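Work through the exercises below with the structure open. Each one gives a task, followed by a solution in steps.

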Amino acid sequence: MNELFSDTEKEEFSEETVIRQMIDGITDCLASMTKEERLAWFRRSQYPHPLNFQKKIDGTVYTVNAYFNAAASESIQEKAERILLKL
């Protein structure tokens, strides 16, 4: 019988499924919180390091570098809080 997915594709699909399930769990948890609880969760969950990383996909290495405008009118935290308060 022909398989629809190779072992590598099955592994990637499995990882993607787990990640999506984790995201769904976080989303459900956040949806059940008050605005103040969401803001507190966000403050505890902030990524403390620069948002730069590399990811290898199909033999190609992708590099992601995040840059922020130092002259912006609001910080990333303020922007995230503003967005969360709109929920």
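The model is predicted, and the exercises move from the whole chain to single residues.

**Exercise 1. Set out the secondary structure of the protein chain and say how many helices and strands there are.**

Step 1. The protein chain holds 3 helices and 2 strands.
Step 2. Read from the N terminus, the order of elements is α-α-β-β-α.
Step 3. For the chain as a whole, 8% of the 87 residues count as buried. The accessible surface is about 8000 Å², and carbon and sulfur atoms account for 57% of that area.
Step 4. Take the contacts between residues at least 6 apart in sequence: 41% of these join residues at least 24 apart.

**Exercise 2. Describe how strand 1 and strand 2 are joined.**

Step 1. Strand 1 covers residues 53–57 and runs antiparallel to strand 2, with 5 bridges between them. Strand 2 spans 60–64.
Step 2. One bridge can be checked by residue: Gln54 is partnered with Thr63 in strand 2.
Step 3. The two strands form a hairpin with 2 residues between them. In the turn, Asp58 has a positive phi of about 50°.

**Exercise 3. Place Val64 and decide how accessible it is.**

Step 1. Val64 belongs to strand 2.
Step 2. Its relative accessible area is 34%, so Val64 is classed as partly exposed; that class lies between the cut-offs of 20% and 50%.
Step 3. Setting aside neighbours within four places in sequence, Val64 contacts Leu51, Asn52 and Phe53.
Step 4. Val64 and Gln54 are 10 residues apart along the chain, and their C-alpha atoms are separated by 6.1 Å.

**Exercise 4. Which residues make the nonpolar surface patch, and is Phe68 buried or exposed?**

Step 1. Leu51, Phe68 and Ile76 make the patch, which has an area of about 320 Å².
Step 2. Phe68 sits in the loop between strand 2 and helix 3, the latter covering 76–86.
Step 3. Phe68 counts as exposed because its relative accessibility is 55%, and the cut-off for that class is over 50%.

**Exercise 5. Examine the surroundings of Arg38 and look for a salt bridge.**

Step 1. Arg38 is part of helix 2, residues 35–45.
Step 2. Arg38 is buried yet has no salt bridge. The nearest side chain of opposite charge is that of Glu37, at 7.2 Å, whereas a salt bridge requires a distance within 4 Å.
Step 3. With neighbours within four places in sequence left aside, the contacts of Arg38 are Leu30, Met33, Leu84 and Leu87.

Technical notes
Residues numbered from 1 in each chain as written. Predicted model: local features only at pLDDT ≥ 70, side-chain atom pairs only at ≥ 80, totals over all residues. Heavy atoms only, no water. Patch = residues over 30% accessible without salt bridge, like charges linked within 9 Å, V, L, I, M, F, W, Y side chains within 5 Å. Areas by Shrake-Rupley, 256 points an atom, 1.4 Å probe, with all protein chains shown as cover. Helix = DSSP H or I, 4+ residues; strand = E, 2+ residues; numbered from the N terminus. Buried < 20%, exposed > 50% of the residue type's maximum accessible area, 1.4 Å probe, protein only. Pairing = 2+ DSSP bridges. Contact = heavy atoms within 4.5 Å. Lys, Arg positive; Asp, Glu negative; His and termini not counted.
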